[in-house]
Amino acid sequence: MSQVDELLDNFDDEDVYYDPQMSTLIPEGSYPAKIVDLYSKKINTQRGNKGMLYKPKYRLDDNVRNYQNRDVQDSGVWRFFGTKDADGRRITGGSNAGYKKFLDKLHIPMEKIEVGESSSDERRVIIKLPAITKDMILDKSVVISVHHEEWEGTHGRQITPVATLVRVRNGSLHGQGDS
């Protein structure tokens, strides 16, 4: 707990205080963090495609000066469902390339499956992209890149810090621990 938190805990519950430090934007850059939550939602795109949107929430490490323990939402990773092939598999192309890279960064295992006619030259390997669940990614130590998104809202121009996953933290094959 910070000194400010301890000081504020000593005041009456009816008093309210403003801490300008808490209102400052996290500067753009790379930070050590831990995955603390996962938001996911089924989405229908404007083009009628179906998929899942995943938004991990990261908490900056204790050693990030002035911004320790601040939470930052991921900008979002899409997993498109695609259409079923003759064998009932949902196969997509480039639309899931970003999702595959995200799984690779987190060292989430993916199954390779050989498909096509065994007697033809058209046999190929496809990769099964698993759905992400909280138990697969929570508490992973990672490095994130924070950038600012600007948008216009009912209260005027807004700037929000959002993150993208860079990699699992060095020295930690699966992102567990504080290395």
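User: In which loop does aspartate 139 lie?
Analyst: The model is predicted: local features need pLDDT of at least 70, side-chain atom pairs count only at pLDDT 80 or more, and totals for chains, interfaces and linings use all residues. Residues are numbered from 1 along each chain as its sequence is written, and side-chain values use heavy atoms, with hydrogens and water left out. Helices (H or I, at least four residues) and strands (E, at least two) are DSSP runs, numbered from the N terminus. In these terms, aspartate 139 is placed in the loop between α4 and β9 (141-153).

User: Is aspartate 139 buried, partly exposed or exposed?
Analyst: Buried means under 20% relative accessible area, exposed over 50%, and partly exposed in between (1.4 Å probe, protein chains only). The relative accessibility of aspartate 139 is 46%. Aspartate 139 therefore counts as partly exposed.

User: What is the phi of aspartate 139?
Analyst: Aspartate 139 is not a glycine. Its phi is nevertheless positive, at about 70°.

User: Which loop holds asparagine 66?
Analyst: Asparagine 66 is not a glycine either, and has a positive phi of about 70°. With a relative accessible area of 45%, asparagine 66 is partly exposed. Its place is the loop between β2 and β3.

User: How far apart in space are threonine 24 and asparagine 66?
Analyst: Threonine 24 belongs to the loop between α2 (20-23) and β1. It is partly exposed, because its relative accessible area is 30%. Threonine 24 and asparagine 66 are 42 residues apart in sequence. From C-alpha to C-alpha, the distance between threonine 24 and asparagine 66 is 9.6 Å.

User: What distance separates the C-alpha atoms of glutamate 114 and isoleucine 127?
Analyst: Glutamate 114 is located in strand β7 (residues 111-115). Its relative accessible area of 48% makes glutamate 114 partly exposed. Isoleucine 127 is 13 residues apart from glutamate 114 along the chain. Their C-alpha atoms are separated by 8.8 Å.

User: In what order do the elements of the chain run?
Analyst: The chain contains 4 helices and 10 strands. Of its 179 residues, 25% are buried. Starting at the N terminus, the order of the elements is α-α-β-β-β-β-β-β-α-β-β-α-β-β.

User: How many salt bridges does a search of the whole structure find?
Analyst: Side chains of opposite charge can pair when their charged atoms come close. A salt bridge is a side-chain nitrogen of Lys or Arg within 4 Å of a carboxyl oxygen of Asp or Glu. Across the whole structure, the number of salt bridges found is 5.

User: How many residues apart are aspartate 37 and lysine 134?
Analyst: The side chains of aspartate 37 and lysine 134 form a salt bridge, with an N to O distance of 3.1 Å. This pair links distant parts of the chain, with aspartate 37 in strand β1 (residues 29-44) and lysine 134 in helix α4 (residues 134-137). Aspartate 37 is partly exposed at 28% relative accessibility, and lysine 134 is partly exposed at 41%. Along the chain, the two are apart by 97 residues.

User: Which strand holds arginine 59?
Analyst: Arginine 59 and aspartate 71 meet through their side chains in a salt bridge of 2.7 Å, N to O. The pair ties together parts that are 12 residues apart in sequence, because aspartate 71 lies in strand β3 and arginine 59 in another listed element. Aspartate 71 is partly exposed at 34%, and arginine 59 is partly exposed at 33%. The strand that holds arginine 59 is β2 (residues 50-60).

User: Which residue meets arginine 157 in a salt bridge?
Analyst: Arginine 157 is exposed, having a relative accessible area of 54%. Its partner is exposed too, with a relative accessible area of 54%. The salt bridge has an N to O distance of 2.8 Å, and the partner of arginine 157 is glutamate 150.

User: Which side chain of opposite charge is nearest to aspartate 74?
Analyst: Aspartate 74 is part of strand β3 (residues 71-74). It is buried yet has no salt bridge. Lys and Arg count as positive and Asp and Glu as negative, while His and the chain ends are not counted. At a distance of 7.7 Å, the nearest side chain of opposite charge is lysine 55.

User: Which side chain does a polar contact of 2.6 Å join to aspartate 74?
Analyst: A polar contact is a pair of N or O atoms within 3.5 Å; within protein, one must be able to donate a hydrogen and the other to accept it, and residues adjacent in sequence count only if both atoms are side-chain atoms. Such a contact, 2.6 Å long, joins the side chain of aspartate 74 to that of tyrosine 58.

User: What is the relative accessible area of lysine 84?
Analyst: Lysine 84 sits in strand β5 (residues 83-84). Together with Lys42, Lys50 and Arg90, Lys84 forms a positive surface patch. Patches are made of residues with over 30% relative accessible area and no salt bridge, with like charges joined within 9 Å and nonpolar side chains (Val, Leu, Ile, Met, Phe, Trp, Tyr) within 5 Å. Lysine 84 is exposed, because its relative accessible area is 55%.

Definitions and conventions. Areas by Shrake-Rupley, 256 points an atom, 1.4 Å probe, with all protein chains shown as cover. Charge placed at Lys NZ, Arg CZ, Asp CG, Glu CD.
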